[in-house]
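Please look through the sequence and the model below before reading on. The paragraphs after them explain a few features step by step.

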Amino acid sequence: MRVRGNRSVLPVQTGFQTLRHYERRHLRGDLIGGLTVTAYLVPQVMAYSALAGLPAQVGIWIIALTLVAYFFIGTSRLLSSGPESTTALLTAATLAPLAIGDSGRYATLAALLALLSGLFALLAWLLRLGFIGDALSKPVLVGYMAGIAVIMIMSQIGKITGINVTGDSFVADLQSFAKNLNWDSLSWASLAMGLGVTILLLTLGKRFPKLPVPLMVIGTAALVTSIFDLGHHGVATVGAISTGIPTPSFTGVSSSDVSMMLLPAFGVFIVGYTDNLLTGRMFGDRHHHDINPNRELLALGATNIVAGIAHGLPVSSSASRASLGETAGARTQLYSLVAAIGAVVVLFGFGGVLAAFPIAALGGVVAYAALQLVDVAEFRRLWKFRSREFLLAISATAAVLVFDILWGILFAVGLSIFELLTRVARPHAAVLGEAPGVAGWHDISDYEHTVQIPGLLVFRYDSPLFFANAMDFVRKCEFAVDQADPTPNWLLLNMEANTEVDITGLDALERLRSHCARASVTLALVRVKHEVELDLVRHGVGTKIGLDRIYPTLPTAVAAYRAEMGMH
């Protein structure tokens, strides 16, 4: 265990590695969490399979396999791998115009889509591209999860109200719901069931945190539906399912099919990886454990290849299942192993129980899990800290809702990068001096009675020097020189913060050198990183400044200035 800031952070481990050093205090929570998730995931993944256009039982087989695969490879302690709404929607949107009503071809193309998505993830893992996850800032994470929560709730509105809602995005679902909403089509029994389950979970879950409340509520809902025969009062149930084992088959797949699926598969890979990383990071922050972004690429690749070989559909992770497991007490990936075993047992041994499970209650459980993903306290903290951070989170939420998952993610990440560029394009810059009683050189505006050595202007620009801030750097340096009274003998540029430079930045440094030369001011550099010094020489500006004018420390630079000026 290591320490980050003021908190302990658990080391990065796979579920299998965690099991080798398992803490028995987690056993009860993991078992209850696994059983709770089992009761939730079986009808959920059946619905996702149907949404993707595949037989309902396929989802149960796929999730059992992917949960086991993630247990051995993944690094999040709570992530729940398997079929998920966004990848199911992307699968349906991709394959519907290609299969042309041929169910066999549809299933084959779905499996091919999963395989290709997995291969993209494995390629990214081999190239060690996990660092791309660092582009996802905390505000983007908070906003993204809130957007996903709203989409999850909207996707259950039809189940809870009994109103026919058709669409493949939040906006389309909302429009469809508004269009079809009327008193005659509203199922009051389904509405009562869905809202009742949500309210019970919200109230009892907080009051009795150590009890398996979600499992109790789900079981009660199924029991009530069966006893009062609510199926005849507008409450739809899951119904009987087939237990047939899916048979892998890729007959009829041509090279043109592979070429045609490459771009959609890449999109599914991007959505799946982003979803895994954001969800894993959210639960990691909550429970003080890290995840390995590069290892998550391997886990995503492996789970999708397993899903493809088993003739399934692309998978990522479910925030709602992970949230449900967390709420029930799960703390390690053992709960996923329990859920995987439970899913297979339910498939073969409890098909009759599934038949009585009310769809509206499932919608209520999804709504409850979604509400756990909206971190209101974090939104407040962002607002109090800095309004632009809050607006970035709100923008990420809006982007996911308006542009849908894939484009919403890209928009949110692009917005985060743009916000970063605005910071480094206009960084802090300062004239430095010596403050009485304080070691070192500091911004003259930070301390009263700061002393500057006559004729020596020490300046620091707090950012890597590159194309986005090159002109800002020149303007601020030239302004400092021109405004000094009298004109300084030396401009000593403290480059400790200029950890990176590009050719545009070095061209700007050459412009500054020329400006200083015209003003008869000597330009000298101090605290230059070795790599940056090599770039200065390759560019040529380092030679023009003079390698003898590049000093390792401020004291040596000041001593050189005093010696040249004859000061003691």
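What follows covers a packing of two helices and then the cysteines.

This is a predicted model, in which local features need pLDDT of at least 70 and side-chain atom pairs count only at pLDDT 80 or more, while totals for chains, interfaces and linings use all residues. Residues are numbered from 1 along each chain as its sequence is written, and side-chain values use heavy atoms, with hydrogens and water left out.

Helix H10 spans residues 255–287 and helix H11 residues 293–309, and their axes come within 10 Å and cross at roughly 130 degrees. Helices here are DSSP runs of H or I with at least four residues, numbered from the N terminus, and axes are lines fitted to C-alpha atoms over the stretch in contact, with angles from 0 to 180 degrees between N-to-C directions. H10 and H11 are therefore oblique to each other, a class left for angles that are not under 35 degrees, over 145 or from 65 to 115. The contact (heavy atoms within 4.5 Å) is made by Phe-269, Gly-272, Tyr-273, Asn-276 and Leu-277 of H10 together with Pro-293, Glu-296, Leu-297 and Leu-300 of H11.

Turning to the cysteines, the structure holds zero disulfides, a disulfide being a pair of cysteine sulfur atoms within 2.5 Å. Why is Cys-516 not bonded to Cys-477? The sulfur of Cys-516 lies 7.9 Å from that of Cys-477, its closest cysteine sulfur, which is too far for a bond. Cys-477 counts as buried because its relative accessibility is 0%, where buried means under 20% relative accessible area with a 1.4 Å probe and protein chains only. Cys-516, at 0% relative accessibility, counts as buried too.

Methods. Buried means under 20% relative accessible area, exposed over 50%, partly exposed in between (1.4 Å probe, protein chains only). Helices (H or I, at least four residues) and strands (E, at least two) are DSSP runs, numbered from the N terminus.
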